[in-house]
Amino acid sequence: MIRRIHIALRRLQASATVINFLAAAFLVCCANGPFWTAFINKIGGLATANHLAFVLMTGLSLCLVFNILFSFFSFSAVHKPFLVVVFCTAAVASYFMGSYGIVIDQKMITNLLETDVREASEQLTWPLFRHFLLLGVLPSTLLLVTRVTYRPWRSELLVRRGVMMGSAVLLVAIVMADFKEFVLFGRKNIELRMYINPTYPIYSLSKTVKRNWQGTHGEALKVVAADAKRPANTPRTAVVLVVGEAARAEQFSLNGYARATNPQLESRDVFSFTQVQSIGTDTAESLPGMFSHLGRAHYSRAEASRYENLLDILQRTGVQVVWRDNSSGSKGVADRIRFEDLADEKDSALCSSGECYDEILLRDLGEMLSSNAGEMLIVLHQKGSHGPSYYKRSPKNFKQFLPECSQDDVQECDQQSIINAYDNTIVYTDYVLGKVIDLLKAQSYATAMLYTSDHGQSLGENNIYLHGLPYAIAPRQQKHVPMIFWASSSYLREKNIDQDLLRKHRIDRLNHDYLFHSLLGLFSVTTDAYRPELDLFQSARRQ
Ligand SMILES: [Zn+2]
């Protein structure tokens, strides 16, 4: 039997033209599940013959486009390696797109490039391996054992040109046959192109590489709020800004969630702003945005990297600024300030297998606060609810909701157990925030805490998991984030904030744009860059 297969494989032979058509058809049929799901959803199902015909025509058009692209690389030296890379890329991309309902755009690739080994290893699961074998390794092996025939290069070139022109003519004919449908539908649903695999992932990768290559190399950082000043003799104060990870607002009992996920915060006189939208849907985009003066309307990560951020400004005006990190870094935000990486600490109680629970962020925090003589801002960057391995984020005695999904490939778990594991991370975050407040309360001077998350998270609603969908199509769970404030009574007095007035604004529609201006306000910084209408506390200040 094996011998027969061996002989059959040895006899495999095909021309470059046939190989390209087969490869294109294979990708359209087998590696584009997420595209077809989104597409069929958009046209409203396959109920009518018209819909079915439209799907078939779209599939054929995609085959033709792929075929044209492959034709550029159909020369003996590069053809096979090129197609192997295409198959493998398509296999990995289709796995993540199908499993988590994401698209592989520039943001996602930037995240991937900036993720650390620990985070990446959570993604290496058996289902991914299985998918990769089936859609990547199998077609690649078949291709490698096939003898591909090429003509002498002059006539091969002619054939290639003929095939490309023939494909292009056929493509135009298909589109023209139902021009209105194709063009109107395509225009209205332009985001569908992001699901086409592997062209969109490869396009995004090349854009990301190009952008990083150009970078901001040699360009001097632009000063923001050059006129920023703080009054002389400001009283001693400290603010701890906790930057959460992937915590979504609707899972907080403070915001009305039915499960008691915030017992600690509920017992500590905090203000929860219930309607806050994040600036991005993933860490690499959100973090720089939260500290940028640009605001969502004008923000892009590349643009923000040309400017100083909030922390630079505060430091320049004499505020002592520290960033403590238990995640994958500050994404450039803390490049010019004191940075403490606690994610790799060796603390037998809090750390194991190369990662630490968020309580590590509290280590020596009390001492740090009591040694502060002026005004201080400490940023605590949490591991929070980082997915997909939620179960790793909460210690045993915080696992209140069971059973919890305790595997890395969360999409294989039932939804309730995923929610349980996720809710346990919120319970643990609640505990950590409670501890931060207690440490602040213990100081003999005015202190405050502000907490928000970089973005939200999907937990399997409509089969979408994790986060990072393009902002325009991301579900609300990926954008609706918590924002919680606590201040000692001396702080409220010192900064002239009226609790009752503040309470009135709890349900206002807010977003991350407010962070920049609110923190300038809290540190009494005066500058033309400050916009009082984007200060959370401005309307609560007694005139
Ligand atoms: Zn994040």
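This section describes a zinc site, the helix that contributes to it, a helix pair and a loop asparagine in a predicted model.

In the predicted structure, the zinc ion is coordinated at 2.0 to 2.5 Å by Glu245, which is listed twice through OE atoms, together with Thr283 (OG1), Asp454 (OD) and His455 (NE2). Along the sequence these donor residues follow the spacing E-x37-T-x170-D-H. Glu245 and Thr283 link distant parts of the chain, being 38 residues apart, with Glu245 placed in the loop between β3 (237-244) and α12 (263-266) and Thr283 in helix α13 (residues 283-290). Glu245 has a relative accessibility of 1% and therefore counts as buried, the cut-off for this class being under 20% relative accessible area. Thr283, with a relative accessible area of 8%, is likewise buried.

The burial of Thr283 can be set beside that of the helix to which this residue belongs. Helix α13 is mostly covered, with 8 of its 8 residues buried; these are Thr283, Ala284, Glu285, Ser286, Leu287, Pro288, Gly289 and Met290. At the start of α13, the backbone nitrogen of Ala284 is approached to within 3.1 Å by a side-chain oxygen of Asp282.

Elsewhere in the model, helix α4 (residues 49-71) packs with helix α9 (residues 153-177) at an angle of about 155°, the two axes lying 9 Å apart. Because of this angle, α4 is roughly antiparallel to α9, a description that applies to angles over 145 degrees. The crossing of α4 past α9 is left-handed. On the α4 side, the contact is made by Met57, Leu60, Ser61, Leu64, Val65, Asn67, Ile68 and Ser71, whereas α9 contributes Arg160, Val163, Met164, Ser167, Ala168, Leu170, Leu171 and Ile174.

A further site of interest is Asn32, which is located in the loop between α2 (16-30) and α3 (33-43). Although Asn32 is a loop residue, its relative accessible area is 0%, so that Asn32 is classed as buried. When neighbours within four places in sequence are left aside, Asn32 is in contact with Leu27, Phe66, Tyr195, Ile196 and Asn197. For Asn197, a polar atom of the Asn32 side chain lies 2.8 Å from the backbone nitrogen. Phe66, also among the contacts of Asn32, falls within the residue range 49-71 of helix α4.

Definitions and conventions: Residues are numbered from 1 along each chain as its sequence is written. This is a predicted model: local features need pLDDT of at least 70, side-chain atom pairs count only at pLDDT 80 or more; totals for chains, interfaces and linings use all residues. Side-chain values use heavy atoms; hydrogens and water are left out. Helices (H or I, at least four residues) and strands (E, at least two) are DSSP runs, numbered from the N terminus. Buried means under 20% relative accessible area, exposed over 50%, partly exposed in between (1.4 Å probe, protein chains only). A polar contact is a pair of N or O atoms within 3.5 Å; within protein, one must be able to donate a hydrogen and the other to accept it, and residues adjacent in sequence count only if both atoms are side-chain atoms. Contact means heavy atoms within 4.5 Å. Donors are N, O and S atoms within 2.8 Å of the metal (3.2 Å for Na, K and Ca); water is not among the atoms, so sites may look incomplete. Axes are lines fitted to C-alpha atoms, for helices over the stretch in contact, and angles run from 0 to 180 degrees between N-to-C directions. Angles under 35 degrees count as roughly parallel, over 145 as roughly antiparallel, 65 to 115 as roughly perpendicular and the rest as oblique. A crossing is left-handed if the near helix is turned anticlockwise from the far one by less than a right angle, and right-handed if clockwise.
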